[in-house]
Amino acid sequence: MVKKSEQLERGIVASRRDFRPPAGGVVDYAICMLAPDGRVINWNKGAERITGYPAKAILGKHFSVFYPAEDRASGVPAKALQMARKEKHSAAEGWCLREDGSQFYAAVVIDPIHEKRKLVGYVMVIRDIAERHQARADLEASESQFRLLVSNVTDYALYMLTPAGIVANWNAGGERIKGYSPGEIIGQSFARFYTPADQAAGKPARALKIAQETGHYEEEGWRVRKDGSFFWASVVIDPIRDSDGSLVGFAKITRDISERRDAQQRLEQVQHQLAESQKMDALGQLTGGVAHDFNNLLMIISGNLHRIKREVTSERGRLALGAIETASERAASLTRQLLTFARRQSVNPQIINVADRIAAVREVLTSALGGAIKLNMEIRADLWPIFVDPTEFETALINLVVNARDAMAGGGKLTIEARNVPEAAQVVVSVTDTGEGIPDDVMNRVFDPFFTTKPVGKGTGLGLSQVHGFAHQADGRVEITSALGKGTTVSIYLPRGTAPAQRTATGHRAPGSATILLIEDNPAVADASTGLLEQLGYTVRWASNAEAALSEIDANGIDVVFSDIVMPGRIDGLKLARTIRDRKPELPILLTTGYSESARDVRSDFPVLRKPYHIHDLSRELAKLTGHGVDSATSGPSADASGEFDAIARDVAARPKAKARS
């Protein structure tokens, strides 16, 4: 036994000698040797630095002093040696004690030492990994917080996909936005979030491919919830790769931006409306700037035509005058349509019966359509009256019918429908054709002035513009629906008529030699108007301004006042008319204008005759005021619309007859 003990002691001494050179100077690790029973028999500088024990204080002590009391009580040191002997290696991480009692987190490795197959001791290596442990703890805490954050985010659907597009995890936002619980969606393909059309087109797979190849995929589009409803989503997909660059999956973020899209669309609509308003204002400024002078020129032309007609007897001369008259009517119509589109047309709103007005123009409409197009009327018997300018209403109806006719080159069916809309207190008048329909790229421009798809010379591009302007100026609206190859419906919604009380005729009658005071600052226009009035049998006295007109009225002998609205000086025609009414309420007053902002304030106080007017227009209005003649306002097209009807009639006569559909 003594001999064996000596041999062991010599082995330990030899091991110490072999151990000191490589381990003695290491300071980052505590490297020591343990006897088979666990006593410390060697100690290096690193061990002294890390544990605080100098060699003299630790040599001969059991290595269990490095373990906390609870570890010693549970036999951790003995188990470590046992594992080292059995497994040839023992490694663990845990808390260790320094000499001063403080703790540090360490990685402990124990390996057995054998000589000639006999255990002679252990090598124990201790490393202070407190910083690494803290970093790992911080990382785990951060990851935990991140997972907690992601799982509780409700505004975004945040989840992972496998490389094949299978949902690997799910957060609260995904459940809120898409309606799936984690158990319902994890393990399923993310393709189910796409619309059937997108799935059929291979969009989900293409999105993953783009993300994989470019490193990022982003789009907005329709997505589908669990209940089948659609929502507008912002989608971002990023690939996830390991340290070797291999694809391990995708991170996907989905946000429901339906409200933002709706708000953006509303903003775009407002911007479009603003642009339309600015466009109409600019057009109105331009049109209004030239309309007055232009219509005065036309008044001179049309007024003098009546004089010349009585003197020209040759056929060629009459044809030439007819051409001039047609051109004049066309020019006046274009100006009216532009003013109506820009909502600057002076209007004379009246309570009108829709059914009566449509019936009055039916014969002309039938002639305009020709034999290849069947006209169908669906006018309800209980229609409410409407408060609109009858001329503008008839012109709008004509424009709709002409447009519908031109859309049915091969014939078809045109339906005019009128009915009440009780929920909106409106009357809707619709014109429906069975024509070719309107393409989507044209639909947004149909109401633009001068826009037309007709051949050059076949359309002005102002027909639907007039309809649009008329409806809005009457506090209504226009709606248009169309399907290619099936036809188009244009509907005008107009408020139910509630008119202010109108002044009635005083019973003042102009005798056959009645005297009319004509107030007009333009001598050429005054001369043309005088000629028309004299042809009607009136005596005319002319005044060029308001002051002169008041002097004439004070001198008496005036039976009717016929005044232009636009006049030089501080008093225009409207102010003059109101002054005359205050002085002589019984005196009939008729106003006229080519265009004036003031005319928009006339309302129903005074009748307004638009320039250029014809002799029958003038006769009709004077008859209404004086009580002479028959008021034919409800027996046919209004006077101001007659030029438009005449133009349509001539256009129909010039067109070759279309063949009816078989």
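How many contacts beyond four places in sequence does the model have for residues 1-5? Zero, and pLDDT stays under 50 over that stretch. Residues 629-636 also have a pLDDT below 50, yet beyond near neighbours in sequence this stretch has eleven contacts in the model. Please keep in mind that this is a predicted model. Where pLDDT is low, the predicted coordinates should not be read in detail.

Here is the confidence at a glance:

| Part of the model | pLDDT |
|---|---|
| Chain | average of 80 |
| Helix H21 (residues 642-654), lowest | mean of 47 |
| Helix H10 (residues 203-214), highest | mean of 95 |

In addition, 77% of the residues score at least 70.

Let us turn to the sheet. Four strands form an open, antiparallel sheet in the order E6-E9-E8-E7. Strand E6 (157-161) and strand E7 (217-224) each have a single partner strand, so one side of each is left without a neighbour in the sheet. On average, neighbouring strands are turned by 30° against each other, direction ignored. Strand E8 (residues 230-241) and strand E9 (residues 247-256) are joined by nine bridges, and Pro239 has Phe250 in E9 as its bridge partner. H10 packs on this sheet, touching E6, E7, E8 and E9, and its direction makes about 40° with that of E8.

Helix H19 (residues 573-583) is worth a look too. Its buried residues are Gly573, Leu574, Leu576, Ala577, Ile580 and Arg581. They fall within an arc of 160° seen down the axis, so they line one face of H19. Their cover includes strand E17 (515-519), helix H18 (546-554), strand E19 (560-564) and strand E20 (589-593). At the start of H19, a side-chain oxygen of Asp572 comes to within 3.2 Å of the backbone nitrogen of Leu574.

Technical notes. Residues numbered from 1 in each chain as written. Heavy atoms only, no water. pLDDT = per-residue confidence, 0-100. Helix = DSSP H or I, 4+ residues; strand = E, 2+ residues; numbered from the N terminus. Contact = heavy atoms within 4.5 Å. Buried < 20%, exposed > 50% of the residue type's maximum accessible area, 1.4 Å probe, protein only. Arc of directions from axis to C-beta. Polar contact = N/O pair within 3.5 Å; in protein donor to acceptor, adjacent residues only side chain to side chain. Pairing = 2+ DSSP bridges. Axes fitted to C-alpha atoms, helices over the stretch in contact; angles between N-to-C directions.
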